[in-house]
Amino acid sequence: MANPAYVAVDWGTSSFRLWLMARDGSVLAERRSGEGMTSAAKTGFSTVLSSHLAAIEAPENLPVVVCGMAGARQGWVEAGYIDVPAPLASILTAAVRVAGESRDIRILPGLAQRQTATPDVMRGEETQLLGALGGRSVGPQAVCMPGTHSKWVHVTDATVTGFSTFMTGELFDAISKHTILSHAVAGAQEQPADAAAFEAAVSAAFARPAFASNLLFTARSGQLLHGISAAAAQARLSGTLIGLEIAGALQDAANSGITLVASGRLRALYEQAFKTLSLAFTAIDADEAVRRGLSAAAEAIWPN
């Protein structure tokens with residue numbers, strides 16, 4: 001087996017992912033848990049990381065590169081932001097070292113958009129972006145990274161020119177649990193997914209985004225008046241929110257294609273949505289992208 005060269009960590013708000021990496025980029029060991037920033041802030045970031053490093057028997061002198069919410073103001077050590085427009089490669093040179101640790105631990109910065117009218121921030125997705133594009137891009141393009149807070153990033157010639165955050169995942173959770181629509185979607189998990197309802201909702205929201213709240217309510221009214229299933233109601237809710245997101249993200253953007261960085265169910269939903277809207281896209285696995293980005297950072301920080 002190849003010798004370990006460094007440890008790569010993606011530390012989110014509610015999730016923790018760690019990979020023991022060889023110099024050639026191959027994964028030697030992996031750890032995942034729900035010990036995200038919220039949990040680690042109580043337990044102790046050093047304690048959480050040390051327990052996972054011990055579990056994979058990482059050598060004591062092995063360096064660690066971290067992206068994500070561990071670098072937030074309320075995280076382990078604040079890593080700050082790089083202002084856009086900025087070259088993708090700029091995040092590689094601005095990592096912050098964690099003081100007081102026996103091993104070399106670096107946390108990567110996020111990106112900030114400081115325009116008064118459109119302020120925005122990202123932390124963690126910039127590393128996915130670096131891994132997805134490999135520090136290279138030709139012409140303007142849009143990169144979609146779905147999630148609780150979906151990010152749409154506009155990149156031209158390896159420079160991030162701007163980005164937007166859409167609270168799609170959080171809105172879906174809140175609306176489906178804490179509004180009148182919670183009655184419409186009750187039991188949806190026990191029914192087969194309704195692809196046709198999802199696609200129709202994506203198309204309707206993309207075409208008529210100004211009708212957003214009306215389109216959302218049809219998940220309830222359609223059930224009361226036409227007997228649509230809970231699965232169809234859930235599909236309308238999901239499709240409407242994703243359709244709205246895509247409409248907003250592409251409203252003012254000239255691009256030569258969409259790069260979708262996602263995994264699992266979210267990847268399948270967004271691929272279905274893009275196909276429904278006849279939008280050309282290329283898909284890249286999110287885990288693979290963040291590992292590539294962390295590897296690029298490790299190679300820049302510790303070149304030998």
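Rings of Phe, Tyr and Trp, with the six-membered ring taken for Trp, count as a pair if their centres lie within 6.5 Å. The views below are all taken from a predicted model.

**View 1. An aromatic cluster is formed by W11, F16, F45 and W76.** Two members of this cluster, F45 and W76, make a stacked aromatic pair, with their ring centres 6.0 Å apart and an angle of 10° between the planes. Because F45 belongs to helix α2 (residues 45-55) while W76 sits in the loop between β4 (64-68) and β5 (81-83), the pair ties together parts of the chain that are 31 residues apart in sequence. Both F45 and W76 are buried. In the structure as a whole there are seven aromatic pairs.

**View 2. Helix α9 carries the aromatic pair of Y270 and F274.** Here the arrangement is edge-to-face, with 6.3 Å from centre to centre and 70° between the planes. Both residues lie within α9 (residues 264-276), where they are four residues apart, or about one turn of the helix. An α-helix has 3.6 residues a turn, so residues three or four places apart point the same way. Y270 is buried, and F274 is buried as well.

**View 3. R17 and D287 meet through their side chains in a salt bridge.** The distance from N to O in this contact is 2.0 Å. The bridge links distant parts of the chain, since R17 is found in strand β2 (residues 16-22) and D287 in helix α10 (residues 286-301), with their positions 270 residues apart in the numbering. R17 and D287 are both buried. Side chains of opposite charge can pair when their charged atoms come close.

**View 4. D287 also meets R32, and a network of salt bridges includes both residues.** The side chains of D287 and R32 form a salt bridge at 2.4 Å, N to O. This pair, too, links distant parts of the chain, because D287 lies in helix α10 and R32 in strand β3 (residues 27-33), 255 residues apart. Through salt bridges that share partners, D10, R17, E30, R32 and D287 are joined into one network. The structure holds 11 salt bridges.

**View 5. R32 and E30 form another salt bridge, with 2.5 Å from N to O.** R32 is partly exposed, because its relative accessible area is 44%, a value that falls between the limits of 20% for buried and 50% for exposed. E30 is likewise partly exposed, with a relative accessible area of 40%. D287, by contrast, has a relative accessibility of 14% and therefore counts as buried, since the limit is under 20%.

**View 6. Two arginines are placed over aromatic rings.** R123 lies over the face of Y81, at a distance of 4.4 Å from the ring centre. In the other case, the charged end of R208 sits over the ring of F211, 4.7 Å from the centre of that ring.

**View 7. Helix α8 spans residues 230-250 and is mostly covered.** The helix has 21 residues and reaches 30 Å from its first C-alpha to its last, which is close to the 30 Å expected at 1.5 Å a residue. Of the 21 residues in α8, 19 are buried.

Conventions
Residues are numbered from 1 along each chain as its sequence is written. This is a predicted model: local features need pLDDT of at least 70, side-chain atom pairs count only at pLDDT 80 or more; totals for chains, interfaces and linings use all residues. Side-chain values use heavy atoms; hydrogens and water are left out. A salt bridge is a side-chain nitrogen of Lys or Arg within 4 Å of a carboxyl oxygen of Asp or Glu. Helices (H or I, at least four residues) and strands (E, at least two) are DSSP runs, numbered from the N terminus. Buried means under 20% relative accessible area, exposed over 50%, partly exposed in between (1.4 Å probe, protein chains only). The expected span of a helix is 1.5 Å times one less than its number of residues. Rings of Phe, Tyr and Trp (its six-membered ring) pair if their centres lie within 6.5 Å; planes under 30 degrees apart count as stacked, over 60 as edge-to-face and the rest as tilted. A charge sits over a ring if NZ of Lys or CZ of Arg is within 6 Å of the ring centre and within 35 degrees of the ring normal.
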